[in-house]
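Trainee: I have a chain open on the screen and would like to learn how to read it. Where do we begin?

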Amino acid sequence: MKLHTDPRTGNTVTAHGEGYVAINGQRHSGSLIVQPERIDTQWQASGVDTLAPAHFEQLLATGADILILGTGKRQQFPPLALLKPVIAAGRTVDVMDTSAACRTYNILMSEGRAVAAALIIE
């Protein structure tokens, strides 16, 4: 699916589909964390079943006010035990499928919000 927003406001998801997401037109085939000012391709999660506490610690380390987890083709909630670092930090993560996470990220980013989206690419 091709998405249209103004990329001048920061890193924008410009397209996504089977096995990829494009940020500012650059295609990525691996899971990543995207923020308006940076892209972290070192966030290695191939599915919800591969998530570990370190993945959520990495998401928290972004310092973003709004955290989004895109869980692949369908919405899947991670085990509560994995969310402990997030809960301990007094934060929440909005969990949705990766397609919805891309759209939500773009909207929040275009509003100038401090957002980070961890996107699982399947």
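Mentor: We begin with contacts that bring distant parts of the sequence together. This is a predicted model. Counting contacts between residues at least 6 apart in sequence, 62% join residues at least 24 apart.

Trainee: How many helices and strands does the chain have?

Mentor: Three helices and eight strands. Reading along the sequence gives their order: β-β-β-β-β-α-β-α-β-α-β.

Trainee: Why is the chain said to be as compact as a globular protein of its length?

Mentor: The globule rule gives an expected radius of gyration from the number of residues. Here the rule gives 14 Å for 122 residues and the chain has 13 Å, which is close, so the chain is as compact as a globular protein of that length. The C-alpha trace spans about 35 × 30 × 20 Å along its principal axes.

Trainee: What share of the residues is buried?

Mentor: A residue counts as buried under 20% relative accessible area. By that cut-off, buried residues are 50% of the 122 in the chain. The chain exposes about 6,100 Å², and 51% of that comes from carbon and sulfur atoms.

Trainee: Which residues of helix α1 are buried?

Mentor: Helix α1 covers residues 53–60, and His-55, Phe-56, Leu-59 and Leu-60 are buried there. Viewed down the axis of α1, these buried residues fall within an arc of 140°, so they line one face of the helix.

Trainee: What do the buried residues of α1 pack against?

Mentor: They pack against strands β4 (32–35), β6 (66–70), β7 (93–96) and β8 (115–119), and against helix α2 (84–88).

Note on methods: Residues are numbered from 1 along each chain as its sequence is written. This is a predicted model: local features need pLDDT of at least 70, side-chain atom pairs count only at pLDDT 80 or more; totals for chains, interfaces and linings use all residues. Side-chain values use heavy atoms; hydrogens and water are left out. Helices (H or I, at least four residues) and strands (E, at least two) are DSSP runs, numbered from the N terminus. The radius of gyration is taken over C-alpha atoms; the globule rule is 2.2 Å times the number of residues to the power 0.38. Buried means under 20% relative accessible area, exposed over 50%, partly exposed in between (1.4 Å probe, protein chains only). Contact means heavy atoms within 4.5 Å. Accessible areas come from the Shrake-Rupley method with a 1.4 Å probe; for residues, only the protein chains shown count as cover. The arc is that of the directions from the helix axis to the C-beta atoms.
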